[in-house]
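Trainee: I'd like to learn how to read a model like this one. Can we go through it feature by feature?

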Amino acid sequence: MEKTVKGALLEEILPAASVRRTKKRCVYLCIKRVQDVVLSALALILLAPLMLLIALAVVIDDPQGGPIFSQVRCGRGGEGFRLYKFRTMCVDAERRLEELLPYNEMEGPAFKIQNDPRITRLGRFLRSTGLDELPQLVNILKGDMSIVGPRPPLFREIINYTPYQRQRLAVTPGLTCFWQVSPRRNSLSFDAWVELDLRYIREQSWLLDWKLIFQTGRAVLRREGM
């Protein structure tokens, strides 16, 4: 399924992603990649003790599963990759998704409910602080993701995207972007989310990336991750 979707996306997305490959943009992308590698490597070293403690806490809180949850996501141009997170849900969360779909509070292909019964006690804290996303530093180091960029969707979501919405796949997905730092972000519609991502694609620059990084830090301190 992923290969079929990827082939269709490469034909449809890439021509639509009319971002001019100017010298200035090439320099920006090179700087962005170097920045991603340096910052993610440093963060993994400095945060290693904290990540080990979180992993241990996840197992103690719910010993039925491991500390890391991995899932295949859709990256730039429809390329699939395996995303890593600290596990915040019960081990049978994917199986229980079908029964929760009628309660989806997000319009469009994305799924989100405020009081998801699959989330563990520790999982709620990890999500509210954004600590569950720390393993994605590995994805950033590998080049699957960037620090700043649209969040990578699931393949089951993008098959319901319109051609306009698929433009958000024109750049490398990221850990944070405009949506993540928006006040009351969970009350925004999926269309509003897409507009924020497309705004980033149009306006992306080194200064904007750092602005979003600092705003993300502020959002984490305020526990606005849920």
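Mentor: Sure, let's start with one residue: arginine 118 counts as buried because its relative accessibility is 5%, where buried means under 20% relative accessible area, exposed over 50% and partly exposed in between (1.4 Å probe, protein chains only). This is a predicted model, so local features need pLDDT of at least 70 and side-chain atom pairs count only at pLDDT 80 or more, while totals for chains, interfaces and linings use all residues. Residues are numbered from 1 along each chain as its sequence is written, and side-chain values use heavy atoms, with hydrogens and water left out.

Trainee: Which side chain meets arginine 118 in a salt bridge?

Mentor: In general, side chains of opposite charge can pair when their charged atoms come close. The cut-off here is a side-chain nitrogen of Lys or Arg within 4 Å of a carboxyl oxygen of Asp or Glu. For arginine 118 the partner is aspartate 116, at 2.8 Å, N to O. Aspartate 116 is buried too, with a relative accessible area of 4%.

Trainee: How many salt bridges does a search of the whole structure find?

Mentor: Eleven. Take arginine 151 and glutamate 133, whose side chains meet at 3.3 Å, N to O. Arginine 151 lies in the loop between strand 3 and helix 7 (155-158), and glutamate 133 in the loop between helix 5 (121-129) and helix 6, so the pair ties together parts that are 18 residues apart in sequence. Both of these residues are buried, and they belong to a salt-bridge network with Lys85 and Asp132. Another pair is arginine 168 with aspartate 197, at 2.6 Å, N to O. Here the link runs from the loop between helix 7 and strand 4 to helix 8, 29 residues along. Arginine 168 and aspartate 197 are both buried.

Trainee: What pattern does the protein follow along the sequence?

Mentor: Helices (H or I, at least four residues) and strands (E, at least two) are DSSP runs, numbered from the N terminus. There are nine helices and four strands, in the order α-α-α-β-β-α-α-α-β-α-β-α-α.

Trainee: Where do the buried residues of helix 9 sit around its axis?

Mentor: The idea is to take the directions from the helix axis to the C-beta atoms and look at the arc. In helix 9, the buried residues are Leu208, Asp209, Leu212, Ile213, Thr216 and Ala219. They cover an arc of only 140° around the axis, which puts them on the same side of helix 9. Leu207, Phe214 and Leu221 are exposed on the other side. The buried set packs against helix 2, strand 3, strand 4 (174-176) and helix 8.

Trainee: Which residues is leucine 212 in contact with, leaving aside its neighbours within four places in sequence?

Mentor: Contact means heavy atoms within 4.5 Å. For leucine 212 the list is Val148, Thr176, Cys177, Phe178, Val181 and Tyr200.

Trainee: And which members of the largest nonpolar core touch the most other members?

Mentor: A nonpolar core is a set of buried Ala, Val, Leu, Ile, Met, Phe, Trp, Tyr and Cys residues joined through side-chain atoms within 4.5 Å. The largest one has 40 residues, and Ile54, Phe86, Leu126, Leu134, Tyr200 and Leu212 touch the most other members. Helix 8 supplies the largest share, seven residues.
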